[in-house]
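Got the model open in your viewer? Here is a walk through it, one selection at a time.

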Amino acid sequence: MTRDAVVAAAKDGIEFVGNTYVQERKTENPDLILIDVRTEDEYELGHIPDAIWIPRGRVEFEVAEKVRDAETEIIVYCKTGSRAALVKKALDAQGYQSVVAHEGFETWAQAGQPLENDLGVLQLIESKTEE
């Protein structure tokens, strides 16, 4: 398979949620688990506020150990959705019933949504230059 075919297969059958959904669920459900499955370096540069970092290769194991209620609401995200889609499929297969995949950190950051890192909360802004 080509890289594009692998990405397409990963995303097949997944309905991604957008930024508004994440914001609403964070507000409405204090028990929401928001998981960033990007690399540690990506996470440390900036992540969605209140997200926890669990590397893609460990999510299934850590969630199985720590989340006993199959109805716990979980939102998973990565950079562009591919890894999040794979994690959603894996958690669905484990019996978790309220897992959704966000469309990707890129869409979050590019929309000017708040980011969090060791420096605190920040947001990306687009600089406009004159042509």
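Start by selecting Thr-72. The model is a predicted one, and here Thr-72 has a relative accessible area of 16%, so this residue counts as buried. Thr-72 belongs to the loop between helix 4 and strand 3. Show the side chain and look for the backbone oxygen of Asp-69: a polar atom of the Thr-72 side chain lies 2.9 Å from that oxygen. Next, ask for contacts but skip the neighbours within four places in sequence, and Thr-72 gives you Ile-33, Val-67 and Ser-98.

While Thr-72 is still picked, run a distance to Pro-49. C-alpha to C-alpha, Thr-72 and Pro-49 are 19 Å apart in space, with their positions 23 residues apart in sequence.

Now hop to Asp-50, in the loop between helix 3 (40-45) and strand 2. Is Asp-50 buried or exposed? Its relative accessible area is 58%, so Asp-50 is exposed. Check the backbone torsion too: phi of Asp-50 is near 75 degrees, a positive value in a residue that isn't glycine. For context, most residues other than glycine have a negative phi.

**The sheet**

Switch to cartoon and colour the strands. You should see four strands in an open sheet, ordered 2-1-3-4, with parallel pairing. The edges are strand 2 (52-53) and strand 4, each of which pairs on one side only.

Zoom in on strand 1 and strand 3, which run parallel and are joined by four bridges. Two facing pairs to label: Ile-33 stands opposite Ile-74 in strand 3, and Leu-34 stands opposite Ile-75 in strand 3. Ile-33 is also one of the contacts of Thr-72 you picked up earlier.

On to the other neighbour of strand 3. Strand 3 and strand 4 (residues 99-101) run parallel, with three bridges joining them. Which residue of strand 4 is the bridge partner of Val-76? That would be Ala-101.

Keep strand 3 and turn on its side chains. Ile-74 and Val-76 point one way, Ile-75 and Tyr-77 point the other way, and all of them are buried.

Then add helix 5 to the view: strand 3, helix 5 and strand 4 make a right-handed β-α-β unit.

**Helix 4**

Select residues 59-66, which make up helix 4; the buried ones are Val-59, Glu-60, Glu-62 and Val-63. If you're wondering about the spacing, an α-helix has 3.6 residues a turn, so residues three or four places apart point the same way. What do the buried residues of helix 4 pack against? Strand 1, strand 3 (74-77) and helix 5 (82-93).

**The ring pair**

Select the aromatic side chains next. By the ring-centre rule, the count comes to one aromatic pair. The pair is Tyr-77 with Phe-105: the ring centres are 6.2 Å apart and the planes are at 20 degrees, so they count as stacked. The two rings link distant parts of the chain, with Tyr-77 in strand 3 and Phe-105 in helix 6 (residues 105-110), 28 residues apart.

Colour by accessibility and check both partners. Tyr-77 is at 0% relative accessibility, so it counts as buried. Phe-105 comes in at 11%, so Phe-105 counts as buried as well.

Don't leave Phe-105 yet. Add Arg-38 to the selection, and you'll find its charged end sitting over the ring of Phe-105, 4.0 Å from the ring centre.

**Around Glu-73**

For the last stop, pick Glu-73 and bring up its polar contacts. The side chain of Arg-25 makes one with the side chain of Glu-73, at 2.7 Å. The side chain of Asn-29 makes a polar contact with the side chain of Glu-73 too, at 2.7 Å.

Take Arg-25 by itself. Arg-25 is part of helix 2, and with neighbours within four places in sequence set aside, its contacts are Leu-32, Glu-73 and Ile-75. You have met Ile-75 before, as the residue of strand 3 opposite Leu-34.

Then finish on Asn-29, in the loop between helix 2 (19-28) and strand 1 (33-36). Asn-29 has 16% relative accessibility, so it counts as buried. Follow the side chain of Asn-29 one more way, and you'll see that it reaches the backbone nitrogen of Asp-31 at 2.8 Å.

Definitions and conventions: Residues are numbered from 1 along each chain as its sequence is written. This is a predicted model: local features need pLDDT of at least 70, side-chain atom pairs count only at pLDDT 80 or more; totals for chains, interfaces and linings use all residues. Side-chain values use heavy atoms; hydrogens and water are left out. Buried means under 20% relative accessible area, exposed over 50%, partly exposed in between (1.4 Å probe, protein chains only). A polar contact is a pair of N or O atoms within 3.5 Å; within protein, one must be able to donate a hydrogen and the other to accept it, and residues adjacent in sequence count only if both atoms are side-chain atoms. Contact means heavy atoms within 4.5 Å. Rings of Phe, Tyr and Trp (its six-membered ring) pair if their centres lie within 6.5 Å; planes under 30 degrees apart count as stacked, over 60 as edge-to-face and the rest as tilted. A charge sits over a ring if NZ of Lys or CZ of Arg is within 6 Å of the ring centre and within 35 degrees of the ring normal. Two strands pair if DSSP finds at least two bridges between them. A crossover is right-handed if, with the strands pointing away from the viewer, the path from the first strand over the helix to the second runs clockwise.
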